[in-house]
Amino acid sequence: MMNMLRVGYPAILAAELLKDFPTGIELIPLPDKLDHDAEIDVWIPDPYSTRAARVWPRLHGVKLVLALLAGPEWIPPLVGPHVTICNAHGAHNTSTAEWTVAAILTMLKYFPLYLEIKRGGQWKRRFEANAHYEKITGDTRPLYPPVMLEELTGKTLLLVGYGSIGKDIERMLAPFNLEVLRVARSPRTDPEVHPVSDLDTLIPRAHVIVLIVPSTAETHWLIDAPQFALMRQGALLVNAARGPVVNTDALVEALNAGKIRAAVDVTDPEPLPDGHPLWSCPNLLITPHVGGSSPQFAPNSLRVAAAELRRFMSGEPLHNVVQQGI
Ligand SMILES: NC(=O)c1ccc[n+]([C@@H]2O[C@H](COP(=O)([O-])OP(=O)(O)OC[C@H]3O[C@@H](n4cnc5c(N)ncnc54)[C@H](OP(=O)(O)O)[C@@H]3O)[C@@H](O)[C@H]2O)c1
């Protein structure tokens with residue numbers, strides 16, 4: 001009799017979330033502090049790398065890893081080259097694209113500043129707000145803007161990464177009639193996507209630059225001091241991708257110089273330690289890597305994993321391979 005495929009998953013997940021999984025498998029809950037060795041064929045790691053790393057040394061026989069993340073860059077170094085790894089492509093599009101839209105509007109509408117003002121319990125500060133605008137944009141004309149909130153409509157957006165999430169960001173921003181400049185690894189047309197080698201020539205045109213690429217050797221420090229130097233005064237950099245895509249020291253310098261503003265869901269290092277210079281930079285919104293988080297995180301990513309598992313079991317080509325086991 002053929003052995004059932006053994007699929008290990010984080011015990012913390014409610015069993016009902018696995019209802020879409022194919023029949024004919026043995027589901028093995030793996031507690032975070034696994035105190036015995038376990039033989040499994042397929043591993044669904046905990047999305048928190050530290051918890052997954054505690055479990056991995058106890059596992060034997062793993063042939064396939066089904067990650068619950070779109071960007072599982074910490075998994076290949078953990079499991080080595082012999083295991084095939086699939087990501088949760090598409091599962092976090094909505095949450096991450098919504099975070100990006102919210103971050104852009106939050107910064108252009110100066111919500112962090114108004115939150116500070118509200119804490120002081122004062123119904124005023126239009127002039128302080130104007131001063132803030134003048135400082136970051138360099139626009140000192142009186143009554144520009146008469147009310148400080150900026151408009152996103154009509155601005156130029158540079159989308160660095162035009163994959164699954166990048167396309168959703170563009171779709172969600174469509175009503176704002178932005179000029180969209182797109183960059184990816186490979187150029188294409190309809191719509192026009194520029195090669196990454198064009199990045200430096202496109203940066204000066206952008207009011208808003210969104211990073212939504214994977215963390216790889218090629219994207220490491222894609223945004224470094226020379227790129228900050230090319231940005232317009234007051235440009236908004238939004239990092240929804242991964243911390244190492246930006247050189248943190250260069251980001252701190254550009255923010256402290258009052259050259260740009262930024263909204264980042266991801267940092268390098270992560271978690272950002274207490275007292276790190278980034279915490280005290282002006283014109284910066286930091287969220288602690290929650291862009292992909294939503295109540296739909298687990299159901300969506302497990303649905304993607306279940307579909308991939310079904311393909312694996314029937315010998316069909318897998319859709320979301322990020323590392324082919326050797
Ligand atoms: N903040 C969060 O919580 C959160 C949540 C989900 C995902 N993410 C991050 O977002 C990333 C993108 O996710 P996705 O699902 O959209 O991935 P995807 O569909 O694979 O798209 C990736 C895009 O990045 C481009 N790219 C790859 N390497 C590049 C390079 N060296 N230079 C320029 N562009 C490059 C690709 O170019 P081609 O189109 O030419 O291949 C593609 O357009 C993930 O890898 C993850 O790191 C973050």
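This is a walk through one protein chain, from its overall build down to single residues.

The model you are looking at is predicted. Its chain has 326 residues, and buried residues make up 49% of them. Along the chain you can find 10 helices and 15 strands. If you draw a box around the C-alpha atoms, taken along the principal axes, that box comes to roughly 80 × 50 × 35 Å. Now think about which parts of the sequence meet. Among contacts between residues at least 6 apart in sequence, 59% join residues at least 24 apart.

Let us turn to the sheets. One of them is an open sheet of 6 strands, and reading across it gives the order β2-β1-β4-β6-β7-β15, with mixed pairing. Here β2 (25-30) and β15 (321-323) stand at the edges; each has a single partner strand, so one side of each is left without a neighbour in the sheet. Inside this sheet, strand β1 (residues 5-10) runs parallel to strand β4 (residues 42-43), and 2 bridges join them. To find the place in the model, look for V7, whose bridge partner in β4 is V42.

What holds such neighbours together? Strands of a sheet pair through backbone hydrogen bonds, either parallel or antiparallel.

Another open sheet has 7 strands, in the order β10-β9-β8-β11-β12-β13-β14, and its pairing is parallel. The edge places belong to β10 (194-195) and β14 (284-286); because each has a single partner strand, one side of each is left without a neighbour in the sheet. Helix α6 (residues 164-173) packs on this sheet and touches β8 (156-160), β9 (179-184) and β11. The direction of α6 makes about 160° with that of β8.

Within the sheet, follow the strands one at a time. Strand β11 (residues 208-211) and strand β12 (residues 235-239) run parallel and are joined by 4 bridges. In this pair, V208 stands opposite L236 in β12. Moving on, β12 is joined to β13 by 5 bridges, again in parallel, and V238 has A263 as its bridge partner in β13.

Strand β13 (residues 260-264) is worth a pause. In a regular strand the side chains alternate between the two faces of the sheet. You can see two such groups in β13: I260, A262 and V264 point one way, while R261 and A263 point the other way. How many residues of β13 are buried? The count is 5 of its 5 residues, so described by the cut-off of under 20% relative accessible area.

Back to helix α6, this time from the inside. Its buried residues are I165, G166, D168, I169, E170 and L173. An α-helix has 3.6 residues a turn, so residues three or four places apart point the same way. The cover over the buried residues of α6 includes α3 (93-108), β8, β9 and β11. Take D168 as an example from this helix. At 15% relative accessibility, D168 counts as buried, because buried means under 20%. Not counting residues up to four places away in sequence, D168 touches N93, T94 and A97.

A residue outside the helices and strands can be buried too. H92 is found in the loop between β7 (84-86) and α3, and H92 is buried, with a relative accessible area of 5%. Leaving aside neighbours within four places in sequence, H92 is in contact with L68, L69, A70, G292, F297 and S301.

Finally, look at the empty spaces. The second largest pocket has a volume of about 490 Å³. Of the 20 residues that line this pocket, the closest to its centre are E116, H132, P282, N283 and L284. Two or more residues of the lining come from each of α4 (111-119), α5 (126-137), α9 (248-256) and β14. Among these, α4 gives the most, with 5 residues. By class, the lining of this pocket has 12 nonpolar, 4 polar and 4 charged residues.

There is also 1 cavity of 30 Å³ or more. This cavity has a volume of about 50 Å³. Its lining is formed by N239, G243, V246, T248, L251, V264, V266, T267, D268 and L278. By class, these are 5 nonpolar, 4 polar and 1 charged residues. You have already met V264, one of the buried residues of β13.

How values were computed: Residues are numbered from 1 along each chain as its sequence is written. This is a predicted model: local features need pLDDT of at least 70, side-chain atom pairs count only at pLDDT 80 or more; totals for chains, interfaces and linings use all residues. Side-chain values use heavy atoms; hydrogens and water are left out. Two strands pair if DSSP finds at least two bridges between them. Contact means heavy atoms within 4.5 Å. Axes are lines fitted to C-alpha atoms, for helices over the stretch in contact, and angles run from 0 to 180 degrees between N-to-C directions. On a 1 Å grid over the protein atoms alone, a cavity is a set of points where a 1.4 Å probe fits but cannot get out, and a pocket is an open set with protein on both sides within 12 Å along at least five of seven lines; lining residues have an atom within 4 Å of a point. Grid points are joined across faces, edges and corners, and a volume is the space filled by probe spheres set on the points. Ala, Val, Leu, Ile, Met, Phe, Trp, Tyr, Cys and Pro count as nonpolar, Asp, Glu, Lys and Arg as charged, and the others, Gly among them, as polar. Buried means under 20% relative accessible area, exposed over 50%, partly exposed in between (1.4 Å probe, protein chains only).
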